[in-house]
Amino acid sequence: MVIQRVGAVLDRIGLESVRSSPLSVFFILFSAVVIFFASQFPSSDGVGPSFFPIAVSLGIIFFAGIDVLTGSETELEISEFDFKPAAVVAGVLVAYVLVMPLLGFLVSTMVFMPVVLYYSNIHSKLLLAVLSIGFPIALFYIFGRIFLVRLPEGIIPVSRLLPQLPLVVTF
Amino acid sequence: MVVEYIGQALVNLADPFILLLMVGGIFLGILMGSIPGMTATMTIAVLLSFTFTMEPSQGMILLLGIYGGAVYAGSIPAILIRTPGTPSAAATIFDGHPLSQKGEAGRAIRVSTIASFVGGVISVFALMFFSPVIADAALRFRSPEFFALAFFGLTIIASVSGDSLTKGMVSGLLGMLVATVGIDPVTGFHRFTFDIPELLTGVEFIAVMIGLFGIAEGLRKYSQGINSGNDRVDQEITGVFPSLSDLRSIAPVSVGSGILGSFIGAIPGAGGDIAAFITYNEATRWLKDSVPSFGEGNVRGVAAAESGNNASTGGALIPTLTLGIPGDSVSAILIGALLVHDVNPGPGLYQEEPVLLYTIFVGFLLIYVFILIFGMLGANYWARLINIPKSHIWPVILVLCVIGAIALRGNVFDAWIMLGAGVLGYAMRLRGYPLAPMVLGLILAPIAEENLRRSLVLSGGSPTIFLTSPIALVIILLGLGAIALPAVRSIRANA
């Protein structure tokens with residue numbers, strides 16, 4: 001019965017409008033999941049912890065629903081975009097963050113940089129060397145040694161081999 | 001009292017390190033603003049991590065230097081290659097580029113520098129004059145008024161932030177939803193934490209901002225072709241000072257646009273691009289008999305747009321510092337920068353951190369003086385920055401995004417949040433969703449929720465508390481109007 005009703009509503013909306021606004025449809029489904037989880041929060045006197053997430057999710061369903069129904073004219077010309085380079089760079093970024101706890105910030109950045117630089121059509125060996133070795137070391141000193149940020153060291157803490165700064169810089 | 005604070009601010013600013021940060025920030029801002037596609041928001045989001053261990057005043061001066069420098073420098077590629085360096089320089093193209101085509105690019109850049117200085121300085125004075133008044137009035141605000149303010153901020157931001165009201169609202173609401181992750185401020189219940197300890201304190205919104213403005217923009221750039229739009233500038237920019245006749249010609253329009261731009265900038269959501277278009281439009285309306293005509297290389301057109309967009313920078317800080325409501329996406333990040341140091345923007349800031357505030361005011365004034373000097377002396381060099389290939393810059397930015405997220409808590413988990421936000425932001429950009437409302441939703445949601453719930457506790461659960469407070473009622477009605485007006489306009493346009 002419920003499935004038939006949903007089907008009837010979908011027929012009325014038209015599958016085309018759902019196809020043309022995939023992100024809005026995703027947001028609607030995501031909000032429905034949020035409402036499901038939030039409805040299991042404990043109730044309390046007055047407005048409980050579930051009120052705000054449910055109210056906000058209903059708002060998303062409402063506005064994203066309008067977007068699906070009315071169609072959208074504000075989308076960028078997607079045909080002008082090539083998704084492959086973005087997917088490759090996103091994939092390399094994921095791999096970079098994934099291996100960072102194992103290799104440490106310094107080594108993983110030294111591996112990440114030449115890959116992305118080469119993919120960005122930089123083939124000058126000098127530039128590749130400076131940006132792949134010099135830049136990570138400079139960042140390591142700025143964040144790790146001056147700002148005292150706890151950067152991942154990895155299983156083999158190669159960064160400890162780097163000399164200490166001659167001056168103590170504090171803010 | 002104010003004189004005393006200004007005196008202390010001057011002492012702070014005399015510190016060579018803070019001066020170095022100021023100058024460095026301006027140079028970085030000019031560098032990134034001169035390169036099309038590198039916005040002030042993105043630059044500040046990516047470089048925010050450098051301020052985490054600094055004093056709040058040092059960090060703010062660095063970020064404000066980048067902000068002012070980037071907004072100013074956005075005009076340089078707008079004039080030379082008809083591509084705005086930052087969105088706020090879009091209106092500068094109308095008269096700036098025709099001047100460049102006539103071989104008068106130097107003249108246009110010099111006029112732009114003077115107008116940027118005038119607009120920026122006026123906006124800082126507006127900030128200094130109006131902020132204490134608004135903060136003083138807001139000290140009397142209680143929970144209903146603060147909820148109303150947050151509601152107003154969210155609605156008006158969604159209504160002015162893009163072509164689509166519905167997409168703007170969805171984006172803002174998504175930001176609000178993300179902000180509900182973590183420990184419930186009233187009951188202490190763990191919401192959407194899924195036993196992940198890093199989520200107990202909520203999603204680090206700075207990581208989300210870095211992802212939205214850094215990674216998403218980077219992925220978009222790679223999608224478009226990393227080396228596309230690499231224009232070359234070979235035109236020589238000679239001379240340092242504008243002519244006396246140009247100065248006379250642009251003086252009234254620069255001052256007028258500076259005043260108007262400051263007010264527009266103070267409206268939450270109305271950034272430099274809107275300010276510049278409105279001030280340019282007003283200039284064409286008031287000075288329609290100008291020779292040459294607007295759009296054909298009139299220096300007054302350049303002055304109106306540049307004074308307007310730079311004036312919005314100080315204007316945007318008025319609601320940011322006095323109410324905790326960001327004036328634009330850059331000031332949303334500045335709120336993040338202050339929160340990292342446990343400094344809460346809002347009406348209490350005047351009582352808690354008056355010296356910090358006046359250091360920001362006087363420092364911002366000084367930043368515009370430096371921009372004037374650097375703009376005049378270095379125009380020829382800034383123009384060459386356009387020639388830097390973007391393929392050299394984006395890999396560096398991507399690494400800065402990652403280290404920026406990790407530096408927040410020394411935790412790789414925040415890098416995952418940042419990457420997730422980046423991929424989501426990329427998909428949203430492609431489907432026409434504006435990203436600024438999401439960031440503002442993230443910031444405004446805790447204010448809205450806490451004050452909504454506190455108000456309802458005060459009223460015993462009755463929502464009439466928002467109707468009995470005249471200020472809250474007016475603000476809520478304004479918020480509803482902010483949604484209704486564009487909706488009605490859109491329905492009429494489609495009819």
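## Getting to know a two-chain model

The structure holds 28 aromatic pairs over all chains.

Trainee: One of those pairs joins A:Tyr96 and A:Phe112; is it stacked, tilted or edge-to-face, and what is the angle between the planes?
Mentor: Keep in mind that this is a predicted model. The two ring centres lie 4.3 Å apart. Planes under 30 degrees apart count as stacked, and A:Tyr96 and A:Phe112 are stacked, with an angle of 15 degrees.

Trainee: Is A:Tyr96 buried or exposed, and what is its relative accessibility?
Mentor: Buried means under 20% relative accessible area. Its partner A:Phe112 is buried, at 3%. A:Tyr96 counts as buried too, because its relative accessibility is 2%.

Trainee: Which residue of chain B forms one aromatic cluster with A:Phe26, A:Phe27 and A:Phe30?
Mentor: Three members of that cluster, A:Phe26, A:Phe27 and A:Phe30, carry the letter of chain A. The residue from chain B that completes the cluster is B:Tyr433.

Trainee: And which residue has its charged end over the ring of B:Tyr433?
Mentor: Start from the ring of B:Tyr433, which also belongs to the aromatic cluster with the chain A residues. A charged end sits 5.3 Å from the centre of that ring. It belongs to B:Lys167.

Trainee: How many helices and strands does chain A have?
Mentor: Follow chain A along its sequence and you read the pattern α-α-α-α-α-α. The count for chain A is therefore six helices and zero strands.

Trainee: What share of the residues in chain B count as buried?
Mentor: Let's take chain A as a starting point: buried residues make up 37% of its 171 residues. Chain B has 495 residues. Of these, the share that counts as buried is 64%.

Trainee: What radius of gyration does chain B have, next to that of a compact globule?
Mentor: The C-alpha trace of chain B spans about 70 × 60 × 45 Å along its principal axes. For 495 residues, a compact globule would have a radius of gyration near 23 Å. Chain B agrees with that, at 22 Å.

Trainee: Among contacts in chain B between residues at least 6 apart in sequence, what percentage join residues at least 24 apart?
Mentor: Chain A gives a helpful reference: residues 24 or more positions apart account for 51% of its contacts with a separation of 6 or more. For chain B, which has 21 helices and two strands, the percentage is 79%.

Trainee: Is B:Phe117 buried, partly exposed or exposed, and at what relative accessible area?
Mentor: You will find B:Phe117 in helix H7 (residues 105-138) of chain B. Leaving out residues up to four places away in sequence, B:Phe117 touches B:Tyr368, B:Val369 and B:Leu372. Buried means under 20%. B:Phe117 is partly exposed because its relative accessible area is 22%.

Trainee: How many Å separate the C-alpha atoms of B:Phe117 and B:Gly258?
Mentor: Along the chain, B:Phe117 and B:Gly258 are 141 residues apart. In space, their C-alpha atoms are separated by 9.4 Å.

Trainee: In chain B, where is confidence highest?
Mentor: Chain B averages a pLDDT of 88, and 96% of the residues score at least 70. Confidence is lowest in helix H21 (residues 470-494) of chain B, at a mean of 80. The highest value, 94, belongs to helix H18 (residues 413-430) of chain B.

Definitions and conventions
Residues numbered from 1 in each chain as written. Chains lettered and ligands numbered in written order. Predicted model: local features only at pLDDT ≥ 70, side-chain atom pairs only at ≥ 80, totals over all residues. Heavy atoms only, no water. Phe/Tyr/Trp six-rings, centres within 6.5 Å; stacked < 30°, edge-to-face > 60°. Buried < 20%, exposed > 50% of the residue type's maximum accessible area, 1.4 Å probe, protein only. Lys NZ or Arg CZ within 6 Å of the ring centre and 35° of its normal. Helix = DSSP H or I, 4+ residues; strand = E, 2+ residues; numbered from the N terminus. Rg over C-alpha atoms; globule rule 2.2 N^0.38 Å. Contact = heavy atoms within 4.5 Å. pLDDT = per-residue confidence, 0-100.
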